[in-house]
Amino acid sequence: MSNPETTQVMSLPLPPANYVNLYSDEHIRKNRAPKPPMPILDTYSMFGNTFNNDDNIIRPLETQGFRRLYPQHFDRKKELKKLNHSLLVNFLDLIDFLVHNPDNPRRTEKVDDLSLLFVHIHHLLNEFRPHQARETLRVMMEMQKRQRIETAHRFQKHLDKVRDIIKNAFSALPDQDQEDNKLTVPVELMDFSSDNASSDSNQDHCHPLDRLMCSIVDSM
């Protein structure tokens, strides 16, 4: 059973910005996000033109209803230069017609020729788009690779510096044997203290009054 809120949302004609908001984390968590559209199987319309799924990314000029001015196998660089020269010559001819004879019917022909030349130039430039995309992707990947290598080198430098600091800190610590020697008491001192204790215990340090009191108690 479908959610009525989802059905209502999908039926509303929303602009792209609001349509994207329908796929928020909250809508996805509550299963309220609309399902993606089904893939197009045969034809679709874009910018007022009908396209087929089997069409090439850049369609030939003949399929678009234009007359080809250059051969099938050609050098794009040379053809672009030739088209540029032809464009300049036809533009000068059009200026000449507009100045000397504006009502000349060839003026319309020159406008059509200029439009056709522009279409050919635009088509040749579009044929470079896949190559441009690959080059752009290659440059981006090289930049990412270089940045990651530089980051790895900086990290290695910091790691080596930290290792040196730790090594110097360990080398600055006192020797453990010396610490043990500081904590131990020499045997001579221990013997001397024990002798003094025994000699002190042998000597009588009793007070005379205490001794008198003890003698009185003993005589009783």
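Which residues form a nonpolar patch on the surface? In this predicted model, the patch consists of Leu 88, Phe 91, Leu 92, Ile 95, Leu 98 and Val 99. Together these residues have about 570 Å² of accessible area. One of them, Leu 98, is found in helix α4. Leu 98 counts as partly exposed, at 42% relative accessibility.

The overall architecture was examined next. The protein chain has 9 helices and 2 strands. From the N terminus on, the order of elements is α-α-α-β-β-α-α-α-α-α-α. The chain has 220 residues, of which 11% count as buried. Its accessible surface comes to about 19,100 Å². Carbon and sulfur atoms account for 59% of that surface. Among contacts with a separation of 6 or more, 51% join residues 24 or more positions apart.

Confidence varies along the chain. The average pLDDT is 77, and 75% of the residues score at least 70. Helix α6 has the highest confidence, with a mean of 92. Helix α1 (residues 4-11) has the lowest, with a mean of 42. Over residues 1-13 the pLDDT is below 50. Beyond near neighbours in sequence, this stretch has 10 contacts in the model. Where pLDDT is low, predicted coordinates should not be read in detail.

Charged pairs were then considered. Side chains of opposite charge can pair when their charged atoms come close. A search of the whole structure finds 6 salt bridges. Lys 82 forms one of them with Glu 79. The closest N and O atoms of this pair are 3.3 Å apart. Both residues lie in helix α4 (residues 76-100). They are 3 residues apart, about one turn of the helix. The two partners differ in burial: Lys 82 is partly exposed at 49% relative accessibility, whereas Glu 79 is buried at 9%. The value for Glu 79 is under the 20% limit, so this residue counts as buried.

Helix α4 also contributes to a salt bridge between Asp 93 and Lys 110. Here the closest N and O atoms are 3.2 Å apart. Asp 93 lies in helix α4 and Lys 110 in helix α5 (residues 106-127), so the pair ties together parts that are 17 residues apart in sequence. Asp 93 is partly exposed, with a relative accessible area of 28%. Lys 110 is buried, with a relative accessible area of 10%.

A further salt bridge is found in helix α6 (residues 129-172). The side chains of Glu 135 and Arg 138 meet at 2.6 Å, N to O. Because they are 3 residues apart in the helix, about one helical turn separates them. Glu 135 is partly exposed, at 30% relative accessibility. Arg 138 is also partly exposed, at 38%. The pair belongs to a network of salt bridges that links Glu 135, Arg 138 and Glu 142.

A histidine in helix α3 was examined for its surroundings. His 27 has its place in this helix, which covers residues 25-29. What is the relative accessibility of His 27, and is the residue buried or exposed? The value is 18%, and His 27 counts as buried. This is because buried means under 20% relative accessible area. The side chain of His 27 reaches the backbone oxygen of Leu 22 at 3.0 Å. Leu 22 is also among the residues that His 27 touches. Not counting residues up to four places away in sequence, the contacts of His 27 are Asn 21, Leu 22, Arg 32 and Ala 33.

The backbone at Asn 31 was also considered. Most residues other than glycine have a negative phi. Asn 31 is not a glycine, yet has a positive phi of about 60°. Asn 31 is found in the loop between α3 and β1 (43-46). With a relative accessible area of 63%, Asn 31 is exposed. The cut-off for exposed is over 50%, so Asn 31 falls in that class.

Notes. Residues are numbered from 1 along each chain as its sequence is written. This is a predicted model: local features need pLDDT of at least 70, side-chain atom pairs count only at pLDDT 80 or more; totals for chains, interfaces and linings use all residues. Side-chain values use heavy atoms; hydrogens and water are left out. Helices (H or I, at least four residues) and strands (E, at least two) are DSSP runs, numbered from the N terminus. Buried means under 20% relative accessible area, exposed over 50%, partly exposed in between (1.4 Å probe, protein chains only). A polar contact is a pair of N or O atoms within 3.5 Å; within protein, one must be able to donate a hydrogen and the other to accept it, and residues adjacent in sequence count only if both atoms are side-chain atoms. Contact means heavy atoms within 4.5 Å. A salt bridge is a side-chain nitrogen of Lys or Arg within 4 Å of a carboxyl oxygen of Asp or Glu. Patches are made of residues with over 30% relative accessible area and no salt bridge: like charges are joined within 9 Å, nonpolar side chains (Val, Leu, Ile, Met, Phe, Trp, Tyr) within 5 Å. Accessible areas come from the Shrake-Rupley method with a 1.4 Å probe; for residues, only the protein chains shown count as cover. pLDDT is the predictor's confidence in each residue, from 0 to 100.
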